[in-house]
Amino acid sequence: MRLAILAAVAATAAAAGLAAAQSRPLVDPAAAAIYHRLLPQIEKIRMFDHHAHPALPNDPDVDAAPPPPGSSPLRMREDNVEPVAAARALFGFPFHDLSGDHAKWLVDKKAALRGQFKGPQYFDQILDRVGIETSMANRVAMADYLDPSRFKWVFFVDCFMFPFDNLALAARNTDEAAYMPLQTKLLKRYAQQIGARVLPTTLPEYLTFVTRSLEDSKKRGGVAVKFEAAYFRSLAFDDPPRDAVTAIYDKYRGGGVPTLAEYKAFQDFVFRHIIVEAGRLHLPVHIHTSVGGGDFFYLSAVHVLNLENILRDPRYLRTTFVLIHGGYPFDREAIFLATTKNIYLDSSAVELLLYPTEFKNVLRRWLEVFPEKVTFGTDAFPYGEALGVEEVYWLGVQSSRTALAAALSEMVAAREITEARAMQFAHAYLHDTAAQLYK
Ligand SMILES: [Zn+2]
């Protein structure tokens with residue numbers, strides 16, 4: 001979700017003068033002994049990271065719409081020292097903060113390691129170190145420094161909903177002014193890759209272009225599609241009649257700025273086309289469903305219940321949906337959407353946004369309802385030159401493992417499940433449930 005997390009841990013962690021420490025979940029005393037039995041077993045499970053943005057610093061293909069700096073929740077502020085603990089665990093970082101020369105030490109250390117582990121080997125060994133077998137790579141395009149046997153490409157598809165003049169959309173606020181040109185740019189890139197025109201003469205031709213582009217990305221290694229639509233519009237998708245959408249297409253394909261209502265109808269129609277085609281192509285549909293970065297992110301628009309008409313529609317039963325970030329803070333509602341067999345939750349970013357004590361409570365509520373529908377993810381993202389995706393992978397993994405052990409041990413202590421069952425849930429959450437979606 002790329003909150004403005006940890007942006008410049010540099011100076012202020014130093015100022016705080018805190019020792020690098022890792023926050024931990026508070027466990028009910030009745031569950032403490034069980035926690036200490038489960039955690040070492042959980043640490044041995046090789047994980048499937050269902051949502052992450054692996055990249056070297058300054059790789060422009062890492063994200064289709066990076067949010068401008070905005071307010072950050074407590075754990076994601078610059079004075080959080082947990083990333084320093086990550087740098088210590090992964091790279092032997094000897095300092096307590098990332099100020100000045102200390103940050104340079106970390107940058108140099110990683111550069112030296114990239115000299116030692118050539119090309120894709122560098123990130124392979126990072127995954128090995130943190131215990132991840134396979135990581136999704138939600139990126140604009142894949143990078144040659146990511147090993148395709150370990151990193152699976154999830155490509156962005158929002159841009160197909162924004163082919164017209166986006167002037168009115170960009171004028172809404174400074175976040176949208178940054179996002180909209182990037183959608184236009186990505187749409188052009190997709191069109192160039194298959195030698196197509198962005199706006200052909202008719203709506204059916206446009207839909208064919210969208211389908212051909214999805215097929216092309218699948219051929220390039222794409223295993224799922226990603227909507228981060230909530231950054232640009234509401235997740236309430238109506239079902240406009242084809243005639244009305246044809247008229248809108250004919251009116252604006254040659255130019256002119258659609259009204260917000262006209263544009264929304266067109267987007268709703270194209271969204272439905274994409275989820276049908278993704279189902280046909282066996283590409284699970286990932287949808288950002290949580291609070292997001294930027295100061296103009298619209299929380300009511302992202303409410304996961306906005307998607308209920310889509311998720312309950314029998315026409316889309318062939319499509320697998322993954323509710324990325326588990327709908328947080330509407331996670332209570334999100335789990336009950338997973339009653340339908342083709343719907344899954346991903347917990348990425350929630351484990352970074354919340355401290356492990358509260359993340360444990362979220363996981364426990366989910367695991368007590370549909371344990372076979374909940375999947376692990378980190379939302380790892382490179383936040384800067386010194387603090388990279390490596391440290392965020394580590395922090396996401398540590399937070400998720402400890403919160404999971406805490407949730408399961410409390411369920412065992414409360415006599416809801418046995419320890420053996422707890423470990424089955426752990427394997428399903430950390431690896432098996434997500435992995436079987438991409439077989
Ligand atoms: Zn993300």
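Begin by selecting Ser135 and Phe151 in this predicted model, where Phe151 is the bridge partner that Ser135 finds in strand E3. Widening the selection to the whole of both strands shows E2, residues 132-138, running parallel to E3 and joined to it by four bridges.

Keep strand E3 selected, residues 151-156, and colour it by accessibility: five of its six residues are buried, which leaves the strand mostly covered. Next add strand E4, residues 222-227, which runs parallel to E3 and is likewise linked to it by four bridges. To find one point of this pairing, pick Phe155, whose bridge partner in E4 is Val225.

From the strands, move to the metal. Which residues supply the protein donors of the zinc ion? Select His51, His53 and Asp379: the two histidines contribute their NE2 atoms and the aspartate an OD atom, and these donors lie 2.1 Å from the ion. Read along the sequence, the donor residues follow the spacing H-x1-H-x325-D. His51 sits in the loop between strand E1 (47-49) and helix H3 (82-91), while Asp379 sits in the loop between strand E8 (374-375) and helix H16 (389-413), so this pair ties together parts of the chain that are 328 residues apart in sequence. Are His51 and Asp379 buried or exposed? Both residues are buried, that is, each has under 20% relative accessible area.

For a contrasting stop, select helix H8, residues 203-219, and within it Pro204. At 44% relative accessibility Pro204 counts as partly exposed, because that value falls between the 20% and 50% limits. If Asp243 is added to the selection, the C-alpha to C-alpha distance between Pro204 and Asp243 comes to 12 Å, across a separation of 39 residues in sequence.

Finally, zoom out to the whole chain, whose secondary structure amounts to 17 helices and eight strands. The radius of gyration is 22 Å, close to the 22 Å that the globule rule gives for 439 residues, so the chain is as compact as a globular protein of that length. Aligned to the principal axes, the C-alpha atoms fill a box of roughly 65 × 50 × 35 Å. A colouring by burial will show that 60% of the 439 residues count as buried, and a surface display corresponds to about 16,800 Å² of exposed area, 57% of it supplied by carbon and sulfur atoms. Should you draw a contact map, consider the pairs at least 6 apart in sequence: 78% of these contacts join residues at least 24 apart.

Key:
Residues are numbered from 1 along each chain as its sequence is written. This is a predicted model: local features need pLDDT of at least 70, side-chain atom pairs count only at pLDDT 80 or more; totals for chains, interfaces and linings use all residues. Side-chain values use heavy atoms; hydrogens and water are left out. Donors are N, O and S atoms within 2.8 Å of the metal (3.2 Å for Na, K and Ca); water is not among the atoms, so sites may look incomplete. Helices (H or I, at least four residues) and strands (E, at least two) are DSSP runs, numbered from the N terminus. Buried means under 20% relative accessible area, exposed over 50%, partly exposed in between (1.4 Å probe, protein chains only). Two strands pair if DSSP finds at least two bridges between them. The radius of gyration is taken over C-alpha atoms; the globule rule is 2.2 Å times the number of residues to the power 0.38. Contact means heavy atoms within 4.5 Å. Accessible areas come from the Shrake-Rupley method with a 1.4 Å probe; for residues, only the protein chains shown count as cover.
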